[in-house]
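Notebook open, coffee poured. Today I am looking up a charged side chain, a strand and the nonpolar cores.

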Amino acid sequence: MTSDDTGATTTHCPYCSLQCGMKVAPGRRGAITVQSWEEFPVNAGALCRKGWTAGGLDRRERLTQPLVRDRRTGALRAADWDEALDLVAGRIRALQAAHGADAVAVFGGGGLTNEKAYQLGKFARVALGTSQIDYNGRWCMSSAASASNQAFGIDRGLPFPLVDIEQADTVVLVGSNLAETMPPAARHLDRLREAGGRLVVVDPRRTPTAERADLHLQPVPGTDLALALGVLHLLDARGLVDEEYVARRTTGWEDVRRSATSWWPERVERVTGIHTAELDALVDVLAADRVVVLTARGAEQHAQGTATVLGWINVALALGMPGTEHAGYGCLTGQGNGQGGREHGQKADQLPGYRMIDDPDARAHVARVWGVAPETLPGRGRSAYELLDALGQDDGPRALLVFGSNIVVSAPRAGHVTGRLEALDLLVVCDLVMSETAALADVVLPVTQWAEETGTMTNLEGRVVLRQQATAPPAGVRSDLEVVAALAERLDAPVAFGTEPEEVFAELGRASAGGRADYSGIDYDAIRERGGVFWPCPEGSEGTPRMFAERFPTATGRARFLPVEHGGPAEPTDATYPLHLTTGRVLAQYQSGAQTRRVRDLPDTGPFVEVHPLLARRLSVRDGDDVRIATRRGELVAPARVVTTIRPDTAFVPFHWIGANRLTNDALDPSSRMPEFKVCAASVEAAEGVAP
Ligand code: SF4
């Protein structure tokens with residue numbers, strides 16, 4: 001542990017991708033207290049409610065002993081570590097002997113440290129020899145990742161520090177509720193407006209972020225791409241395209257220009273519900289020197305998520321913004337390590353350093369670092385949802401090892417996915433609490449969390465930060481790195497797996513060297529000294545806070561315009577399901593709520609269904625009445641919240657509690673394989689007297 005004079009240790013919040021810096025000090029009776037760390041540049045001491053209460057996870061909820069399911073009683077019982085690990089290794093061996101290496105799958109998380117994400121990828125490919133590994137970050141921002149790779153040749157959420165947006169003239173947020181999901185970041189929006197800049201928010205709900213906007217556009221869910229095409233059409237028609245930038249720094253403009261010609265304002269209004277005057281107003285504020293376009297889950301979690309993001313990237317490129325100071329395009333990552341988690345090998349198609357697993361040079365480089373032959377590395381596996389959908393099927397995995405993910409709550413079409421988990425021969429879950437997924441497991445392994453361990457995270461800016469251990473873990477728990485190493489040893493892996501985070505990070509750096517996400521010049525000391533280090537950071541470099549000033553990392557050095565066409569939601573509304581359902585977050589909870597629902601000082605309201613007063617009147621529903629919301633996949637009974645801030649044709653359900661994702665659609669984006677969490681067809685009716 002590294003502490004200051006007061007005994008406090010600098011570390012980072014356990015939750016979202018802002019990765020706010022904080023100090024953690026020992027409190028009374030083994031508790032810890034969270035304090036401001038004002039010197040850390042990203043949040044300058046500010047934290048949201050979740051950050052301030054991060055030390056308040058009820059200790060009685062912690063798992064401190066391995067649990068194995070008793071074959072006779074069917075219940076979980078306590079076991080010691082050797083028994084649990086021997087059991088897992090023995091059953092893995094038996095399943096792989098009977099069904100092949102791919103009979104065992106690994107499912108990681110976007111909240112795991114870089115070291116854990118890296119080690120999980122290596123464990124799957126080297127110790128298990130399986131191609132079947134993916135993670136829940138596939139559901140977070142993989143559409144933006146796919147779009148950025150196609151357009152810019154690289155995927156770093158923000159290619160500039162977040163503070164840059166304060167000096168823009170206009171910031172357009174598409175599908176982001178920054179003020180509620182990461183409140184300390186919202187001060188940048190306030191400063192932007194204080195300096196005379198304008199904020200545009202595109203969101204079907206008038207969120208706290210939209211309340212701050214100069215212009216709020218409330219499109220029909222699933223039509224953000226049509227809006228982007230309409231904007232592009234008008235930019236071109238009004239002569240606002242930066243032709244000099246387009247000619248000098250991009251390719252493909254003429255095809256994109258043609259693709260937008262048919263998106264005249266009246267057509268856009270018909271599809272999106274955005275009035276032509278609002279569209280005009282948006283284009284007016286885009287006629288500025290420095291425009292930042294930011295997308296988030298609202299734009300990305302669609303069966304057309306990649307195309308939607310590309311549509312907004314096309315807008316940013318037409319305006320001549322990417323690579324320009326205080327301007328550009330960026331994606332706001334959600335999960336704590338959503339960025340780093342997808343760079344170092346826990347994705348089905350990737351090796352560390354954002355290398356592709358089917359690239360022979362990438363395989364040779366990583367195999368050399370790992371000390372194995374390249375031909376022993378398996379190929380590309382299934383993406384997250386496809387992996388879960390295949391569990392227990394004839395050609396699918398028979399065992400699943402889960403690290404840092406609560407699939408039962410967070411997977412789309414969650415009722416179906418729960419059935420697939422139940423069909424497994426072996427489900428192993430590493431977690432700190434008895435999550436809904438752990439409760440289904442054959443073996444539960446208790447692991448350390450956040451302030452009890454050291455490791456790096458990569459925040460939404462591509463800044464690699466260091467979480468430092470601030471307190472001792474409860475007796476009986478082990479780190480995920482220790483669990484992976486112990487299993488690898490029992491499986492006779494051809495190489496050893498380190499358990500010291502700093503050593504694992506150094507190995508990660510070597511494996512990433514020369515890759516798109518090059519971390520080889522970063523070490524723990526550099527992170528401590530500089531308040532984080534931005535990748536790419538090849539050996540000898542100081543890191544790269546701002547990208548694209550000179551060139552884009554594509555073969556031509558130019559960004560690519562890519563034509564896209566609006567197709568609309570995978571599941572249109574109809575007479576039976578006449579409403580749009582959209583899902584999202586609330587301030588006091590984080591992701592599946594496995595941690596935040598167990599923090600005493602955070603309100604645990606349970607799920608609710610937000611509806612507009614016009615819809616409520618039609619359904620004879622008052623605020624607080626139970627309603628039944630149904631889709632083709634399931635239903636949920638929860639209290640109605642009657643609010644004027646939502647479209648009358650749309651219902652909203654937060655996804656932190658079991659139930660919301662029983663409703664959501666598993667239609668996948670063809671490129672990113674991201675599910676369409678953000679829109680599906682639904683019906684709502686009064687459900688008086690029915691318990692949720
Ligand atoms: Fe910061 Fe996000 Fe943690 Fe809130 S949840 S304190 S915004 S890192």
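**Entry 1: R363.** I found R363 buried (under 20% relative accessible area, 1.4 Å probe, protein chains only), yet R363 has no salt bridge, meaning a side-chain nitrogen of Lys or Arg within 4 Å of a carboxyl oxygen of Asp or Glu. The nearest side chain of opposite charge is E375, 7.4 Å away; Lys and Arg count as positive here, Asp and Glu as negative, with His and the chain ends not counted. R363 sits in helix α16, residues 360-370 (helices are DSSP runs of H or I, at least four residues; strands are runs of E, at least two; numbering is from the N terminus). Beyond its neighbours within four places in sequence, R363 is in contact (heavy atoms within 4.5 Å) with L351, I357, P374, L377, P378 and G379.

**Note to self.** This is a predicted model: local features need pLDDT of at least 70 and side-chain atom pairs pLDDT 80 or more, while totals for chains, interfaces and linings use all residues. Residues are numbered from 1 along each chain, and side-chain values use heavy atoms, without hydrogens and water.

**Entry 2: strand β17.** I checked residues 426-431, and six of six are buried. L426, V428 and C430 lie on one side, L427, V429 and D431 on the other. β17 pairs (at least two DSSP bridges) with β16 in the parallel sense over five bridges, and four bridges join β17 to β18, also parallel. V428 stands opposite L401 and opposite V443 in β18.

**Entry 3: cores.** Which residues touch the most other members of the largest nonpolar core? They are F123 and F497, among 124 residues; such a core is a set of buried Ala, Val, Leu, Ile, Met, Phe, Trp, Tyr and Cys residues joined through side-chain atoms within 4.5 Å. Another core, of 48 residues, lies apart from it and includes C13 and L57.

Technical notes: Buried < 20%, exposed > 50% of the residue type's maximum accessible area, 1.4 Å probe, protein only.
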